[in-house]
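Please open the model in your viewer and keep the sequence panel beside it, since this tour moves from one selection to the next. At each stop, make the selection first and then read what is there.

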Amino acid sequence: MVKKISTLSKSLGFGIAVATMFTANVSAESYAVVNVGYGNVDTEFDSESDVSYSAALGYQFHRQWYVEGGYISLIDADNDDQSLSSSGPYLALLGKASSTDGELYYKLGIASIDIEQTFTSTDVCGESIDFCGYDESVIAGMAGLGFDYHLGYQSMLRVEYTYFGGKDDFSAHIVNLGFRYNF
């Protein structure tokens with residue numbers, strides 16, 4: 001519980017810092033996006049799939065380039081043998097190609113992902129251990145491809161695939177559906 005509150009406070013602090021940075025420059029080139037999706041996370045010990053969500057703020061600094069900063073929860077799964085959660089802030093550069101229907105984009109960036117994995121199975125921990133786990137922060141590279149479809153003058157529907165990869169055999173594949181609002 002304390003770990004989740006600590007993670008939440010870090011996330012809130014990061015979100016406030018990003019919001020402050022972007023509110024100073026709010027114009028027609030700024031946007032906010034929220035996503036919900038499905039993610040598969042692989043760690044050194046196991047692989048799990050569950051619901052993923054994220055929120056971000058972006059800024060268009062050139063006609064074909066955006067910078068985007070946000071927070072992503074890759075997974076928060078719990079079953080009889082283990083619990084796995086991974087989440088953290090990210091910063092990405094997006095290159096886009098516009099059309100009358102929307103914007104095709106690719107995303108390259110970096111994320112700081114906190115991974116907390118707790119095992120209660122003797123298969124992983126051994127017979128003499130009742131409880132064992134893994135708690136680590138990893139720096140992960142990210143690459144994605146997506147499309148923002150125009151719904152209206154300021155609103156867009158986002159469809160996106162993103163891959164994360166980091167140390168200790170960490171990887172994640174996320175498919176998102178989101179809503180983007182242009183300021």
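Helices and strands are here DSSP runs, with at least four residues for a helix and at least two for a strand, and they are numbered from the N terminus. By that rule the protein chain of this predicted model has two helices and eight strands.

**Whole chain**

Begin with the whole chain in a cartoon view and trace it along the sequence, where the elements follow the pattern α-β-β-β-β-β-α-β-β-β. If you then switch on the surface, you are looking at about 9700 Å² of accessible area, of which 61% belongs to carbon and sulfur atoms. Of the 183 residues in the chain, 41% are buried. Among the contacts with a separation of 6 or more, 59% are between residues 24 or more positions apart.

**Strands β1, β2 and β3**

Next, select β1, residues 30–42, together with β2, residues 47–62. These two strands run antiparallel and are joined by 13 bridges, while a hairpin of four residues leads from β1 to β2. Where the pair can be inspected residue by residue, look for Asp42, which stands opposite Ser47 in β2.

Now add β3, residues 65–78, to the selection. β2 and β3 also pair in the antiparallel sense, over nine bridges, and the hairpin that joins them has two residues. Across this pairing, Tyr53 stands opposite Ser73 in β3.

Stay with these strands and pick out Glu48, which lies in β2. Is Glu48 buried or exposed? Its relative accessible area is 18%, and because buried means under 20%, Glu48 counts as buried. Leaving aside neighbours within four places in sequence, show the residues in contact with Glu48, which include Gly39, Asn40 and Val41 as well as Ile75, Ala77 and Leu84.

Then move to Tyr71, which lies in strand β3 and, at 19% relative accessibility, counts as buried. If you draw a distance between the C-alpha atoms of Tyr71 and Leu57, which are 14 residues apart along the chain, the viewer should give 9.5 Å.

**The largest nonpolar core**

Hide the surface and select Val41, Leu74, Tyr90, Ile113, Ile115, Phe164 and Phe170, which have the most contacts inside the largest nonpolar core, a set of 25 residues. Two or more residues of this core come from each of β1, β3, β4 (82–98), β5 (102–119), β6 (132–150) and β8 (171–182). Which of these elements gives the most to the core? The answer is β3, with five residues.

For a closer view, centre on Ile113 and show what is in contact with Ile113 beyond its neighbours within four places in sequence: among them are Ile72, Leu74, Gly88, Val138, Ala140 and Phe170.

**A nonpolar patch on the surface**

Finally, bring the surface back and select Val34, Tyr149, Leu151, Leu157, Val159, Leu177, Phe179, Tyr181 and Phe183, which form a nonpolar patch with about 790 Å² of accessible area together. The elements that give two or more residues to the patch are β7 (155–166) and β8, and the largest share, three residues, comes from β8.

End the tour at Tyr181, whose place is in strand β8. With 35% relative accessibility, Tyr181 counts as partly exposed, because that class lies between the 20% limit for buried and the 50% limit for exposed.

Methods
Residues are numbered from 1 along each chain as its sequence is written. This is a predicted model: local features need pLDDT of at least 70, side-chain atom pairs count only at pLDDT 80 or more; totals for chains, interfaces and linings use all residues. Side-chain values use heavy atoms; hydrogens and water are left out. A nonpolar core is a set of buried Ala, Val, Leu, Ile, Met, Phe, Trp, Tyr and Cys residues joined through side-chain atoms within 4.5 Å. Buried means under 20% relative accessible area, exposed over 50%, partly exposed in between (1.4 Å probe, protein chains only). Contact means heavy atoms within 4.5 Å. Patches are made of residues with over 30% relative accessible area and no salt bridge: like charges are joined within 9 Å, nonpolar side chains (Val, Leu, Ile, Met, Phe, Trp, Tyr) within 5 Å. Accessible areas come from the Shrake-Rupley method with a 1.4 Å probe; for residues, only the protein chains shown count as cover. A salt bridge is a side-chain nitrogen of Lys or Arg within 4 Å of a carboxyl oxygen of Asp or Glu. Two strands pair if DSSP finds at least two bridges between them.
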